[in-house]
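Here is a friendly walk through one model, meant to be read with the structure open beside you. Please have a viewer ready and follow along.

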Amino acid sequence: MPDPILRISGLDAFYGDFQALYDVALEAGEGEVLAIIGANGAGKTTLMRSISGLTQNKAAMVRYRGENIGALRADEVAAKGIALVPEGRQLFPSLSVEENLIIGGQVGRKGPWSLNAVYKLFPILQERRHQQSTSLSGGQQQMVAIGRALMANPDLILFDEISLGLAPIIIKDIYAALPGIINEGMSALIVEQDITKALSVSSRFYCLQEGRVSLEGASATVAREDISRAYFGVA
């Protein structure tokens, strides 16, 4: 079997003296979509930050395409082909929609994603391209955040709380766009509190509880009782 595109092993992560992750291990294959589920405070965002270089760890704890990247800075990780759609979108408020998108392309990686490709995926962004990014609705801002990540032409894209705070109809639109995003062999990790949504778009899942992997398996066959047990820590 070929090596996975992403391999995490023995990952511990800290915020000062507070330990947020304990000995986390997971793998993602080429072109695979993984769901990362768990309650608030389970460590999901810390995991995304550790992979993307926003939280630095020991180098060997995160391996990407066979290379130790756990100690790299976020810009160095992005240049390797990993892009993050962060929780809360985190757009540049002083910049227009288009300027936010262009910043995503500064990594300089070649690939299928360009301004025209993003506008084809999300036509509303072309209509609003000259508006200040934070003047848009929450759903449109999420589209900008996704488009900005795609402009980096990643091989692995990380979605942190993809539907957080969005109206159900907007969540439906975002998920309808996913097949057009995760194509041509791109791999993805999707952090999502809506378990049904997460399992519906992923081949496998990992459940975090209090910083540890409490359950992993195939999304299509996992029993809901097992999910509840791993999610809430009830016997």
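The sections below go through the sheet, the helices and a few individual residues in turn.

## The open sheet and its edges

Bear in mind as you look around that this is a predicted model. A good place to begin is the open sheet, which is built from 4 strands in the order β2-β1-β4-β5 with antiparallel pairing. Its edge strands are β2, covering 18–28, and β5, covering 67–68, and each of these pairs on one side only.

Further in, strand β1 (residues 6–15) and strand β4 (residues 62–64) run antiparallel and are joined by 3 bridges. If you would like a landmark for this pairing, take I8, whose bridge partner in β4 is V62.

## A helix across the sheet

Now turn to helix α1, made of residues 44–52, which lies across β1, β2 and β4. Relative to β1, helix α1 runs at about 115 degrees.

How many of the 9 residues of α1 are buried? The count is 7, so α1 is largely enclosed by the rest of the structure. The buried residues of α1 are K44, T46, L47, M48, S50, I51 and S52. Just after the helix comes G53, and its phi is positive, near 90 degrees.

## Helix α3 against helix α6

The next stop is a pair of packed helices. Two packed helices are described by the angle between their axes and the distance between the axes. For helix α3 (residues 97–104) and helix α6 (residues 138–150), the angle is about 30 degrees and the axes are 6 Å apart. Because angles under 35 degrees count as roughly parallel, α3 is roughly parallel to α6.

The crossing of these two helices, α3 and α6, is right-handed. On the α3 side, the residues in the contact are V97, N100, L101 and G104, and they meet V144, G147 and R148 of α6. Sorted by class, the contact of α3 with α6 has 3 nonpolar, 3 polar and 1 charged residues.

## Helix α6 against helix α7

Helix α6 has a second partner to look at, helix α7 (residues 168–181). The axes of α6 and α7 come within 10 Å and cross at roughly 15 degrees. These helices, α6 and α7, are therefore roughly parallel to each other, and α6 passes α7 in a right-handed crossing.

Which residues make this contact? From α6 they are G139, Q142, M143, I146 and L150, while α7 brings I170, I174 and I181. By class, the contact of α6 with α7 divides into 6 nonpolar residues, 2 polar and no charged.

## A buried asparagine in a loop

Moving along the chain from α6, you will find N153 in the loop between that helix and β7 (156–159). Is N153 buried or exposed? With a relative accessible area of 5%, N153 is buried, because the cut-off for that label is under 20%.

It is worth displaying the surroundings of this residue too. Apart from neighbours within four places in sequence, N153 is in contact with R109, K110, G111, P112 and W113.

## Strands β6 and β7

The tour ends with a parallel pairing: β6 and β7 run parallel and are joined by 4 bridges. To find the pairing in your viewer, start from L84, whose bridge partner in β7 is L158.

Strand β6 itself spans residues 82–85. From this strand, I82 and L84 point one way, A83 and V85 point the other way, and all are buried.

How values were computed:
Residues are numbered from 1 along each chain as its sequence is written. This is a predicted model: local features need pLDDT of at least 70, side-chain atom pairs count only at pLDDT 80 or more; totals for chains, interfaces and linings use all residues. Side-chain values use heavy atoms; hydrogens and water are left out. Axes are lines fitted to C-alpha atoms, for helices over the stretch in contact, and angles run from 0 to 180 degrees between N-to-C directions. Angles under 35 degrees count as roughly parallel, over 145 as roughly antiparallel, 65 to 115 as roughly perpendicular and the rest as oblique. A crossing is left-handed if the near helix is turned anticlockwise from the far one by less than a right angle, and right-handed if clockwise. Contact means heavy atoms within 4.5 Å. Ala, Val, Leu, Ile, Met, Phe, Trp, Tyr, Cys and Pro count as nonpolar, Asp, Glu, Lys and Arg as charged, and the others, Gly among them, as polar. Two strands pair if DSSP finds at least two bridges between them. Buried means under 20% relative accessible area, exposed over 50%, partly exposed in between (1.4 Å probe, protein chains only).
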